[in-house]
Amino acid sequence: KIDNTTIAIRRDLKEKIMEFATKKESYSDVIERLLKSAEQRLLNDVLFNEEGFISLDDFEKEVKRKWPKSK
């Protein structure tokens with residue numbers, strides 16, 4: 001059995017939530033889908049954040065500089 005609860009939200013927010021709903025979705029369905037989408041966007045932001053990373057070309061140059069091939 002799924003436990004339900006009642007939450008108080010502004011009427012305008014309720015209307016905005018339902019703008020994202022398909023015909024058969026409940027408020028819980030819509031909110032769950034929106035949360036999954038937000039989580040995916042956050043994960044993408046972390047995975048594709050370039051801060052602190054270097055390109056593969058720069059990495060290769062750095063490796064060659066630090067560990068030159070012996071002749």
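In this predicted model, a convenient place to begin is Ser 55, which sits in the loop that runs between helix α2, covering residues 27-47, and helix α3, covering residues 56-66. The relative accessible area of Ser 55 is 36%, so this residue is classed as partly exposed. Looking from this loop towards Arg 11, one finds that the two residues are 44 positions apart in sequence, while their C-alpha atoms are 49 Å apart in space.

Arg 11 also leads to helix α1, which spans residues 11-19 and contains Leu 13. Together with Ile 7 and Ile 9, Leu 13 forms a nonpolar patch on the surface, and the three residues share about 250 Å² of accessible area. Leu 13 itself has a relative accessible area of 34% and is therefore partly exposed; this value is in keeping with its place in the patch, because patch residues must have over 30% relative accessible area and no salt bridge.

Charged side chains are found in this part of the chain as well. The structure holds four salt bridges, and one of them joins the side chains of Arg 10 and Asp 12, with a nitrogen-to-oxygen distance of 2.9 Å. The two partners fall into separate accessibility classes: Arg 10, at 54% relative accessible area, is exposed, whereas Asp 12, at 34%, counts as partly exposed. The boundary that matters here is 50%, because a residue is called exposed over that value.

Returning to the helix that follows the loop of Ser 55, the reader meets further salt bridges, including one between Lys 64 and Glu 60, whose closest N and O atoms are 3.5 Å apart. Both of these residues belong to helix α3, where a separation of four residues corresponds to about one turn of the helix. Glu 60 has a relative accessibility of 41% and so counts as partly exposed.

Helix α3 also carries a salt bridge between the side chains of Glu 62 and Arg 65, which meet at 2.7 Å from N to O. Here the partners are three residues apart within the helix, again about one turn. With a relative accessible area of 30%, Glu 62 is partly exposed, while Arg 65, at 56% relative accessibility, counts as exposed. In this pair, then, a partly exposed glutamate is joined to an exposed arginine through a salt bridge between their side chains.

Terms used:
Residues are numbered from 1 along each chain as its sequence is written. This is a predicted model: local features need pLDDT of at least 70, side-chain atom pairs count only at pLDDT 80 or more; totals for chains, interfaces and linings use all residues. Side-chain values use heavy atoms; hydrogens and water are left out. Helices (H or I, at least four residues) and strands (E, at least two) are DSSP runs, numbered from the N terminus. Buried means under 20% relative accessible area, exposed over 50%, partly exposed in between (1.4 Å probe, protein chains only). Patches are made of residues with over 30% relative accessible area and no salt bridge: like charges are joined within 9 Å, nonpolar side chains (Val, Leu, Ile, Met, Phe, Trp, Tyr) within 5 Å. Accessible areas come from the Shrake-Rupley method with a 1.4 Å probe; for residues, only the protein chains shown count as cover.
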